[in-house]
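Open the structure in your viewer and keep the selection tool handy. We will go from stop to stop, and at each one I will say what to select and what is there.

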Amino acid sequence: MTAVPRSQLRPLLRLRWTMVRSPNKRAGLVALLAGFPALLVLGSVVARLLPRTDQTGILLVTPTVMLGFILLAFAAPLAAGGGNELYPAEQLAAYPIHPRTQFAASLLLAPLNLAWVIQVLTMVAFTSYVFIDTSFRIIPALLTMLGFVVVVTFVAQAFAWTIIGMRQTHTGRWLTWAFAGLLAALAALSVVSGRLTELLDQNPLRGILILALQAAEGRWLAWLPGAATMVLVGGLGFLVGSRACAWALRRTPDVALEHGARPMDRRKEAPNAFRQLVRTDRASVWRSTALRRGIYVLALLPGVVAAAVGLDWASLVLLPGLVAAGAGLLFGVNAFCLDGSGALWLSSLPHTSRLAFWAKTRVVLEICAGAAFIALAAGGLRSGDLPTSTQLAAAFGAAAACCLSVTASCMGLSVRSPHRADLSGSRDTPAPPATMAAYSVRMASLTTFTGIGFSLAALAGNPLVPLGLLLALGLLATRRLLIAARQYSLPEVRARVTATVAAG
């Protein structure tokens with residue numbers, strides 16, 4: 001038997017790079033890889049240049065932001081079934097890939113999560129803002145915060161693989177749901193009793209800020225024990241995660257051993273072909289474990305974090321756009337992959353291409369709008385004072401405009417750049433990792449600039465200003481949707497999309 005190479009990740013990455021044959025895509029991927037460090041530097045520089053008007057408030061809220069990052073770091077790999085995949089599992093089934101390699105690949109692809117990147121940028125900016133020391137002494141503090149990010153990511157991935165291994169049995173699933181219900185009950189009790197703010201004030205993550213401050217002040221003897229502890233925890237997280245990944249992949253799920261057939265009531269017939277196509281697409285969304293988990297996380301986690309932090313309405317304007325972007329990345333950027341191998345059969349049915357396109361558009365818009373408005377409503381529960389009419393118009397206008405813009409971008413990408421994706425596994429994505437990274441940056445930029453525009457419109461003091469901006473952006477999104485629909489109506493374009501999503 002051929003020995004398994006000790007370092008498998010490097011050749012797998014090299015193979016993935018050679019699979020990107022387009023020079024433009026390669027250049028874009030390199031720009032993305034270099035863009036994240038550049039964004040960190042830019043965020044730090046901008047935060048250093050801002051006037052110190054509310055330094056104490058930022059200092060108090062930074063541990064809560066760090067707690068939000070921890071929640072996200074733990075929830076994201078659970079929703080993805082262990083983290084992002086470098087390759088679909090079936091493509092590597094014939095090769096002796098070590099579980100340690102799969103775990104390392106999931107760690108490497110963790111930054112592809114849009115919310116992960118935003119949270120890291122926020123922590124870097126806050127750290128740069130609260131430490132008033134000048135020159136390059138801020139660099140050790142930032143490196144300490146980035147070390148915290150790495151350690152949390154390692155531990156969160158290890159925890160996710162442990163939970164995934166437990167959930168292979170009925171008893172394990174029952175225990176994990178009971179544990180999740182207990183955490184939800186404790187969180188609801190703290191909110192109802194009014195002790196949430198008190199608990200957040202006692203956040204033990206302030207110790208990480210103190211550690212960063214010691215690094216910024218050059219107190220290395222005081223900094224060294226904390227840094228050594230982080231290195232130790234990170235190393236243990238990698239070792240435990242590798243073993244947990246191997247254990248989870250070895251276990252046979254008992255669901256596969258159960259008899260899958262059961263009686264089902266026949267659904268009522270839809271009144272027309274369009275509604276029937278919408279029902280089919282909705283069922284395709286909810287049949288996928290990856291999409292279900294992603295929708296739950298996007299609908300609940302951002303709003304819970306925003307409510308815990310207590311963002312005001314001026315800051316909430318940016319929230320629904322980022323949530324809508326995440327919802328579009330679940331499947332909207334490749335919406336026709338919902339049909340899968342059934343795309344050939346669906347294309348043979350006696351309905352027009354226009355109905356199929358607009359049915360997909362409606363489902364994408366429903367998912368984006370549902371997640372965005374739920375997050376906005378949850379974040380508004382603890383936003384303090386009642387919003388003014390202008391703030392309310394800006395917040396809901398930003399949510400509506402971002403949902404329309406994301407839907408238009410998703411449908412355009414779905415027509416121009418389809419991909420083969422079954423979305424049957426818990427870690428499946430609608431496009432390859434590099435493509436998803438590019439889509440993440442595109443969606444994040446689109447929604448961020450839209451949110452900034454509505455934030456500026458809210459300063460006008462007149463609700464008609466954000467409503468006028470919503471009308472303008474809505475018309476632009478509608479125009480882009482009509483262009484994509486017209487492209488999809490062409491037989492050669494429709495044939496290429498159908499062949500790609502059905503057979504690759």
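Start by selecting helices α4 and α10: the crossing of α4 past α10 is right-handed. In this predicted model, α4 covers residues 99-108 and α10 covers residues 220-250. Their axes come within 8 Å and cross at roughly 120 degrees.

Now show the side chains where the two helices touch. On the α4 side, pick Pro99, Arg100, Gln102, Phe103, Ala104 and Leu107. They meet Gly237, Phe238, Gly241, Ser242, Cys245, Ala246 and Leu249 of α10. Colour these residues by type and you should get eight nonpolar, four polar and one charged.

Zoom out for a moment to take in the whole chain. How many helices and strands are there in the chain? There are 20 helices and zero strands. Of the 504 residues, 43% are buried. If you take the contacts between residues at least 6 apart in sequence, 85% of them join residues at least 24 apart.

For an example of such sequence-distant partners, go to Trp17, which sits in helix α1 (residues 9-18). Measure from its C-alpha to that of Ala434: the two residues are 417 apart in sequence, yet the distance in space is 9.1 Å. Is Trp17 buried or exposed? Its relative accessible area is 31%, so Trp17 counts as partly exposed. Beyond its neighbours within four places in sequence, Trp17 is in contact with Arg26, Leu29 and Val30.

Next, select Thr176 in helix α7, which runs over residues 170-192. Thr176 has 11% relative accessibility and therefore counts as buried. Look for a polar atom of the Thr176 side chain lying 2.9 Å from the backbone oxygen of Arg173. Setting aside neighbours within four places in sequence, Thr176 also touches Ile163, Met166 and Arg167.

Move on to Leu277, in helix α11 (residues 273-287). Leu277 is buried because its relative accessibility is 12%. Which residues is Leu277 in contact with, leaving aside its neighbours within four places in sequence? Show His351, Leu355, Ala356 and Ala359 to see them. While you are here, measure C-alpha to C-alpha from Leu277 to Lys360: they are 8.2 Å apart in space and 83 residues apart in sequence.

From there, select helix α16, residues 353-379, and find Thr361 in it. With a relative accessible area of 5%, Thr361 is buried. Its contacts, again without the neighbours within four places in sequence, are Thr407, Met411 and Leu481.

Last stop: the cysteines. A disulfide is a covalent bond between the sulfur atoms of two cysteines. How many disulfides does a search of the whole structure find? The count is zero. Check Cys402 for yourself: the nearest cysteine sulfur belongs to Cys403 and is 7.1 Å away, and Cys402 is in no disulfide. Cys402 has a relative accessible area of 1%, so this residue is buried. Then try Cys410, which is in no disulfide either; its nearest cysteine sulfur, that of Cys368, is 5.7 Å away. Cys410 counts as buried because its relative accessibility is 0%.

Definitions and conventions: Residues are numbered from 1 along each chain as its sequence is written. This is a predicted model: local features need pLDDT of at least 70, side-chain atom pairs count only at pLDDT 80 or more; totals for chains, interfaces and linings use all residues. Side-chain values use heavy atoms; hydrogens and water are left out. Helices (H or I, at least four residues) and strands (E, at least two) are DSSP runs, numbered from the N terminus. Buried means under 20% relative accessible area, exposed over 50%, partly exposed in between (1.4 Å probe, protein chains only). A polar contact is a pair of N or O atoms within 3.5 Å; within protein, one must be able to donate a hydrogen and the other to accept it, and residues adjacent in sequence count only if both atoms are side-chain atoms. Contact means heavy atoms within 4.5 Å. A disulfide is a pair of cysteine sulfur atoms within 2.5 Å. Axes are lines fitted to C-alpha atoms, for helices over the stretch in contact, and angles run from 0 to 180 degrees between N-to-C directions. A crossing is left-handed if the near helix is turned anticlockwise from the far one by less than a right angle, and right-handed if clockwise. Ala, Val, Leu, Ile, Met, Phe, Trp, Tyr, Cys and Pro count as nonpolar, Asp, Glu, Lys and Arg as charged, and the others, Gly among them, as polar.
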